[in-house]
Each structure stands twice: as C-alpha cells, then as structure tokens.
Amino acid sequence: MVQRREFLGAVAGGATALAAGCLGEDDEGEAAGISGETLTLTTTTSTYDTGLLDEVNLAFEERFGVTVDAVAQGTGAALETGRGGDADVIMVHARSQEDAFMREGYGVNRRDLMFNDFVVVGPEDDPAGIDGMDEVTEAFATIAETESVFVSRGDNSGTHTKEREIWEAAGVEPGGEWYREAGSGMGEVLNQANGTPAYTLADRGTYLSMMGELDISIRVEGPIEGGPALLENPYGVIPVNPGVHEDTNYDLAMAYVGFITSQEGQELIGEYTVEGEQLFFPEAVAENPNFEQYVPADWEPGE
C-alpha cells in the first residue's frame, strides 16, 4: 500500500488547487447559449464499459440542459472520427496518438483528465508462470517463449498501442497460433480471454468492473499496486479544432472540458466505484498543472 500511495501522490501532484479552465459555481448563466444542443463525444471502450461516463455525462447534461451522444470506439478510431469532423470532443488514452492528432491541427486545448493503469490478466493455472513478475516485459517474453495463448485487442486502441509498446520493449515480434488478434473492445477481449482461457492486457478499470464475471485474474500488477511504470494509463480530453471543422460544436466541447476538469467533475471521477473499487484517479486539478498537457509531449519552443 505504501507503493500505491507514493505512485498516486507522484502522478496526481497533491491535487488541492483548481487548474485553469475549470468551471465555477455560477456558470448556469453561461448555459443559455448551449442549452438544448447535443455534444458528440468519441471515447474509448474502457470509459464507456465501466459505466463512468453514465455518471459524468448525466451530471453535465443536467447542469447545462444539453445531451451527450457518447460513441465508444478504440482510441485510434475515436481520433479518426475527430479527424473526419464527426465528433466535438474526444476522450482517449494513447498519448503518442493524441500528440499526432494535435500536431496535424485536428485538436486544440488538450487537458490531462485522469489515470488508472494496465494489468496483465490470465488463467488461474498460469501456464506461462508469470504470476507476480516485477517486469511486464519479462512476462510478455515468457508468454511468447511458452507460446501461451494471448488475446490482443488488435484494434489500434490505446490498450493495443500500449501492448505493442511492451512487445517492442521486450524484444518480441508476436505471431503464430498462440497470438490472437480480436479486433474488439476491452470487454469483449476479456470475455474471449476468459473463455479460452488466455492472457491479455487490460486497463484496470474495465477488469475491475467485470471481475465478478471472470475466472481470469491479475498476474502482473500495474503501478497503482507497485508494478512497473510502463503500465501507466493516463487519459486526455481534446476538443476538435473548429478552425479545421467549422461545424464542430466548439462552445459545447469547451463547456464539457471545463466541467469534467472542474472540481465537481473530478470528484465524480474519483468517487466512482464498482463493488467498492475506485476505477479512475482524477488528475486535472493540481497545485502544479503540467504545461505539456496542452501540447505534444516532445514540443519545443519555437516550433
């Protein structure tokens, strides 16, 4: 538990002060210009499947008298929808893809939102013998060496992006009968891994929300429970650039970003639990907000 507290403290930065761009208590008057409108949000299956968005979006809708149309896709598909101008705001969890989206000019005013972590889950008999390993790269390499069945998202999602990053760090090019690409969302992949049984990489939130229905368990922990930092899973929220797509509802998108990164929105995220387990940890409100949240992580002055 000490490691868990140290990790949460380091990432959240001692959230005690309101970050710039958040809403205050008297913003109902500003809602007149957006009341009755519909916001199109493309987001990951993890935020959708866990039920978090039902809670957060309902509060936003009631506050502003609007409707949120949440479309659950993998991160890659959600960003592609934004590129096509068919979304107003995007909530995803693959920083490399988010950076590309912003560099191409499709997104503006990105904000850090929340985080959880990834975990490796697998069968109770643990055929690869990876249970409790400290390094996820070692676990992945062992799965490949033993040719234990692994179900991949295979959908260019944030989870799939992280999985590819781990295989690369492990020096493994996965393939063969043991490696199965599902092309599906996190919930479906967990069900497939459960039925095989097989290993897979999952975000902790979705796994915890489905844990009661599954016979597979966490074999390698993420950093929230003392595991490797490579399994960190931060989420960002990005309005679509109205300079590229003039039909995007930018005012409503910014109202949504303001709400979900406000004290009220962050409390809703932090207080959301499933069977007593907190699924996501807010990080938009901090004493020292991260400047790099607004621009690509490798941005340099003068670019």
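1. The crossing of α3 and α10 is right-handed (near helix turned clockwise from the far one by less than a right angle; anticlockwise would be left-handed). The two axes come within 11 Å and cross at roughly 120 degrees. Axes here are lines fitted to C-alpha atoms, for helices over the stretch in contact, with angles from 0 to 180 degrees between N-to-C directions. That angle makes α3 oblique to α10. The classes are: under 35 degrees roughly parallel, over 145 roughly antiparallel, 65 to 115 roughly perpendicular, the rest oblique. Helix α10 covers residues 250-260, and α3 covers residues 52-64. Elements are DSSP runs numbered from the N terminus: helices are H or I with at least four residues, strands E with at least two.

2. This is a predicted model, in which local features need pLDDT of at least 70 and side-chain atom pairs count only at pLDDT 80 or more, while totals for chains, interfaces and linings use all residues. Residues are numbered from 1 along each chain as its sequence is written, and side-chain values use heavy atoms, with hydrogens and water left out.

3. Which residues of α3 meet α10? They are L53, V56, N57, A59, F60, R63 and F64, set against L252, A255, Y256, F259 and I260. Contact means heavy atoms within 4.5 Å. The contact divides into 10 nonpolar, 1 polar and 1 charged residues. Nonpolar covers Ala, Val, Leu, Ile, Met, Phe, Trp, Tyr, Cys and Pro; charged covers Asp, Glu, Lys and Arg; the others, Gly among them, are polar.

4. Helix α3 also packs on α11 (residues 263-271), at about 155 degrees with axes 9 Å apart. The pair is therefore roughly antiparallel. α3 passes α11 in a right-handed crossing. From α3, L52, E55, V56, A59 and R63 meet E264, L268 and I269 of α11. By class, this contact has 5 nonpolar, no polar and 3 charged residues.

5. Helices α6 (residues 136-146) and α7 pack at about 85 degrees, axes 9 Å apart. They are therefore roughly perpendicular. On the α6 side are V136, T137, F140, A141 and A144; on the α7 side, E163, I166, W167, A169 and A170. The split is 8 nonpolar, 1 polar and 1 charged.

6. The largest pocket holds about 380 Å³ of space. A pocket is an open set of points on a 1 Å grid over the protein atoms alone, with protein on both sides within 12 Å along at least five of seven lines; a cavity is a set where a 1.4 Å probe fits but cannot get out; lining residues have an atom within 4 Å of a point. Points are joined across faces, edges and corners, and the volume is the space filled by probe spheres set on them.

7. What lines the largest pocket? It has 17 lining residues, with R95, K162, E232, N233 and P234 nearest its centre. Elements giving two or more residues are α5 (95-103), β4 (111-122), α7 (158-170) and β9 (232-239). α7 gives the most, with 4 residues. The lining has 6 nonpolar, 6 polar and 5 charged residues.

8. Two backbone points remain. A cis peptide bond joins T196 and P197, with omega about -15 degrees. P197 sits in the loop between α8 (186-195) and β7 (200-203). D126 has a positive phi of about 45 degrees although it is not a glycine. D126 lies in the loop between β4 and α6.
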